[in-house]
Amino acid sequence: MTLNSRLLACVGASLLAGCITINIYFPAAAAEKAADKIIDEVWQLQSKSAAEAPKEKSP
Amino acid sequence: MMRLLVFLFGCVWALAAAAQGNLDISSLAIDQFKTSMTKRHPQLLPWYQAGAIGLAKDGTIALRDPDAVPLSQRQSVTSLVAGENADRAGLYREIARANGNPAWEPDIRATFAQRWAERAPAGWWVQNATGTWQKK
């Protein structure tokens, strides 16, 4: 086994491990975004302010 | 040799970028839980404001002060809380499942717990990480 092929095997193994880590990594920022979207809907935070706005304009 | 290494690193970067996208929250089950919670919310609202119900640190809601609810209504509020918590548990589970990672459920629950507490209006009660109830 040459030095090069050993190096390649090492790098390959560590990259493979990296891929597996990425796959199980929890996307915290995306989860916060998703949670905020659902909270807006359930608590009607956006629809409420949207519904109030036209009322104020009407005479 | 070097080119191959560069190519392999490129592959990993691409995968890492893909993993940073959005969480999928559009399954039928997720919609059903969301609709049910949205419909229930107006009934829960006065009890949040009265401090009878608070947002717990585990992403559920809790009847933290039963004395703030008249005895005649206590049973209906208790069942509202139970219904809400069943929907929330289902919601967290289904979001994890819709994204191909059922094992993410505790992380999703923790994220929601933190966001519910953060977004709660002034006057509502939230439970901090050590379990103490605080009025916002």
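Reader: Is the crossing of H3(B) and H4(B) right-handed or left-handed?
Author: This is a predicted model. In it, helix H3 (residues 71–98) of chain B packs with helix H4 (residues 105–119) of chain B. Their crossing is right-handed.

Reader: At what angle do H3 and H4 of chain B pack, and does that make them oblique or roughly perpendicular?
Author: The axes of the two helices are 8 Å apart, and the angle is about 125°. Roughly perpendicular covers 65 to 115 degrees, and roughly antiparallel starts over 145. The angle fits neither class, so H3(B) is to H4(B) oblique.

Reader: How do the residues of the contact of H3(B) with H4(B) divide into nonpolar, polar and charged?
Author: H3(B) brings Tyr92(B), Arg93(B), Ile95(B) and Ala96(B). H4(B) meets them with Glu105(B), Ile108(B), Arg109(B) and Phe112(B). The division is 5 nonpolar, no polar and 3 charged.

Reader: Which strands are the edge strands of the sheet in chain B?
Author: The sheet is open, has 4 strands and shows mixed pairing. Its order is S2-S1-S3-S4. An edge strand pairs on one side only. That holds for strand S2 (61–63) and strand S4 (133–135) of chain B.

Reader: By how much are neighbouring strands of this sheet turned against each other on average?
Author: Take the strands in the order S2-S1-S3-S4 (chain B). Direction is ignored for the turn between neighbours. The average is 35°.

Reader: Which residue in S3(B) stands opposite Gly54(B)?
Author: Gly54(B) falls within strand S1 (residues 53–55) of chain B. S1(B) pairs with strand S3 (residues 125–127) of chain B in the parallel sense, over 2 bridges. Opposite Gly54(B) stands Trp125(B).

Reader: Which strands of chain B does H3(B) lie across, and at what angle does H3(B) run to S2(B)?
Author: H3(B) lies across S1 and S2 of chain B. S2(B) is one of the edge strands. H3(B) runs to S2(B) at about 160°.

Reader: Why does Thr130(B) count as buried or exposed?
Author: Thr130(B) sits in the loop between S3 and S4 of chain B. Its C-alpha atom is 8.6 Å from that of Lys57(B), 73 residues apart along the chain. The cut-off for exposed is 12 or fewer neighbours. Thr130(B) has 6 C-beta neighbours inside 10 Å, so the residue counts as exposed.

Reader: What share of the residues of chain A count as buried?
Author: Chain A has 3 helices and 0 strands. From the N terminus on, its elements run α-α-α. Of its 59 residues, the share that count as buried is 10%.

Methods. Residues numbered from 1 in each chain as written. Chains lettered and ligands numbered in written order. Predicted model: local features only at pLDDT ≥ 70, side-chain atom pairs only at ≥ 80, totals over all residues. Axes fitted to C-alpha atoms, helices over the stretch in contact; angles between N-to-C directions. Parallel < 35°, antiparallel > 145°, perpendicular 65-115°, else oblique. Left-handed = near helix turned anticlockwise from the far one by under 90°. Contact = placed C-beta atoms within 7 Å. Nonpolar A, V, L, I, M, F, W, Y, C, P; charged D, E, K, R; others polar. Buried ≥ 20, exposed ≤ 12 C-beta atoms within 10 Å, placed from the backbone. Pairing = 2+ DSSP bridges.
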